[in-house]
Amino acid sequence: MGVKFSFKLNVHGQQPDTPFERYLDLACHAEDTGFHGIYVIDHLLLPADRLVGITDADPAKPCFMDCWCTLAAVAARTKRVRIGPQV
């Protein structure tokens, strides 16, 4: 059966002007390189201290994208990977 790896598409706490296409490109690249699944965090808010070190955005003013809309876009662009919310 083998080991399966999934990719966390980090759409929270990013710069507000990050092009959405960049996230879709990452998802397609994950699929192309053999990842089994792509998951998107479903939080709309995290404490600022949880964002330190994972983003260069201002932790006091993070940008959060909706999980379900992002997953719908990923589903439209990928063919094989499993997708879902990271709960």
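Biologist: Which residue in β5 is the bridge partner of I41?

Modeller: This is a predicted model. Strand β3 covers residues 37-41. Five bridges join β3 to strand β5, and the two run parallel. In β5, the bridge partner of I41 is Q86.

Biologist: What stands opposite G37 in β3?

Modeller: Look at strand β1, residues 6-9. Four bridges join β1 to β3, and these strands run parallel. The residue opposite G37 is S6.

Biologist: How many of the five residues of β3 are buried?

Modeller: Strand β3 is joined by bridges to β1 and to β5. It is mostly covered. The number of buried residues in β3 is four.

Biologist: Is T78 buried or exposed?

Modeller: T78 is found in the loop between α3 and β5. It touches A27, C28, E31 and I38, leaving aside residues up to four places away in sequence. Its relative accessible area is 11%. Buried means under 20%, so T78 counts as buried.

Biologist: Which residue has its backbone oxygen 2.8 Å from a polar atom of the T78 side chain?

Modeller: Start from T78, in the loop after α3, which spans 67-77. A polar atom of the T78 side chain lies 2.8 Å from a backbone oxygen. That oxygen belongs to V74.

Biologist: How does D25 count: buried, partly exposed or exposed?

Modeller: D25 lies in helix α1, residues 20-32. Its relative accessibility is 41%. That value falls between the cut-offs of 20% and 50%, so D25 counts as partly exposed.

Biologist: What distance separates the C-alpha atoms of D25 and R77?

Modeller: Along the chain, D25 and R77 are 52 residues apart. In the model, their C-alpha atoms are separated by 8.9 Å.

Technical notes: Residues are numbered from 1 along each chain as its sequence is written. This is a predicted model: local features need pLDDT of at least 70, side-chain atom pairs count only at pLDDT 80 or more; totals for chains, interfaces and linings use all residues. Side-chain values use heavy atoms; hydrogens and water are left out. Buried means under 20% relative accessible area, exposed over 50%, partly exposed in between (1.4 Å probe, protein chains only). Two strands pair if DSSP finds at least two bridges between them. A polar contact is a pair of N or O atoms within 3.5 Å; within protein, one must be able to donate a hydrogen and the other to accept it, and residues adjacent in sequence count only if both atoms are side-chain atoms. Contact means heavy atoms within 4.5 Å.
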